[in-house]
Amino acid sequence: MAALPSDIAAASREAVNLTWQSATIKTRYPGARDQGSPPAEGFFDTQADAQAAIDQRGALLGVERRRFTVPVQDVLWIDPTTGLPTYQLVDSDQAANMACIPARFEIDLEDEATNLELFG
């Protein structure tokens with residue numbers, strides 16, 4: 001099957017490489033591996049679309065996030081189909097006072113306890 005002119009035009013466009021970096025994160029973690037990571041691949045019709053996508057990716061990846069394991073001395077039945085709950089984690093030893101979402105939860109019915117892995 002022969003290629004259509006629109007397919008040829010799309011395949012022969014010049015590639016555009018865009019970058020995003022956070023000076024705050026780079027200063028705090030100078031040994032971060034972004035130096036050797038291959039670029040994230042994406043296919044966009046315009047450079048503005050590519051810039052919007054990289055800005056969204058940077059907003060997700062460029063924010064420092066922390067993970068905590070929290071034991072709960074009760075059984076928490078979390079139903080993810082009703083929406084993901086958020087928890088306010090306050091821990092003065094870890095200098096944490098933040099909203100978190102559960103990345104993992106483990107229910108121990110025998111001990112009537114729940115272990116939460118919170119991400120925030």
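**Stop 1: P71**

Start by selecting P71, which is exposed, with a relative accessibility of 55%. This is a predicted model, so keep that in mind as you click through the tour. P71 sits in strand β1. Now show what surrounds P71. Leaving aside residues up to four places away in sequence, P71 touches T114 and N115. Add L116 to the selection. From P71 to L116 is 45 residues in sequence, yet their C-alpha atoms are 6.3 Å apart.

**Stop 2: the salt bridges**

Stay with strand β1, which covers residues 67-72. How many salt bridges does a search of the whole structure find? The search finds two.

For one of them, select R67 and E117. Their side chains meet in a salt bridge, with 3.9 Å from N to O. This pair links distant parts of the chain: R67 belongs to strand β1 and E117 to strand β4, 50 residues apart. Is R67 buried or exposed? R67 counts as exposed, because its relative accessibility is 59% and the cut-off for exposed is over 50%.

Next, pick R104 and E106. These two form a salt bridge as well, and their closest N and O atoms are 3.0 Å apart. Check how open each one is. R104 is partly exposed, at 45% relative accessible area. E106 is also partly exposed, at 37%.

**Stop 3: a nonpolar patch**

Select L84, I101 and F119 together. On the surface, these three form a nonpolar patch. Their accessible area adds up to about 250 Å². Zoom in on I101. I101 lies in strand β3. With 34% relative accessibility, I101 counts as partly exposed.

**Stop 4: a negative patch**

Now select D74, D108, E110, D111 and E112. Which charge gathers in this surface patch? The charge is negative.

Look at two members of the patch. E110 is found in the loop between β3 and β4. E110 is exposed, with 75% relative accessible area. E112 lies in the loop between β3 and β4 too. E112 is exposed, at 53%.

**Stop 5: two positive phi angles**

Keep E112 selected and turn to its backbone. Most residues other than glycine have a negative phi. E112 is not a glycine, but its phi is positive, at about 50°.

Then select A95. Where is A95 found? A95 is in the loop between β2, residues 87-91, and β3, residues 96-108. A95 is not a glycine either, and its phi is positive, at about 55°. A95 counts as exposed, because its relative accessibility is 65%.

**Stop 6: R13**

For the last stop, select R13. R13 lies in the loop between α1, residues 5-11, and α2, residues 23-28. Why does R13 count as partly exposed? Its relative accessible area is 46%, and partly exposed means a value between 20% and 50%.

Now bring up the neighbours. With residues up to four places away in sequence left out, R13 touches F44 and D45. Measure along the chain and then across space: R13 and D45 are 32 residues apart, and their C-alpha atoms are separated by 9.9 Å.

How values were computed
Residues numbered from 1 in each chain as written. Predicted model: local features only at pLDDT ≥ 70, side-chain atom pairs only at ≥ 80, totals over all residues. Heavy atoms only, no water. Helix = DSSP H or I, 4+ residues; strand = E, 2+ residues; numbered from the N terminus. Buried < 20%, exposed > 50% of the residue type's maximum accessible area, 1.4 Å probe, protein only. Patch = residues over 30% accessible without salt bridge, like charges linked within 9 Å, V, L, I, M, F, W, Y side chains within 5 Å. Areas by Shrake-Rupley, 256 points an atom, 1.4 Å probe, with all protein chains shown as cover. Salt bridge = Lys/Arg side-chain N within 4 Å of Asp/Glu carboxyl O. Lys, Arg positive; Asp, Glu negative; His and termini not counted. Charge placed at Lys NZ, Arg CZ, Asp CG, Glu CD. Contact = heavy atoms within 4.5 Å.
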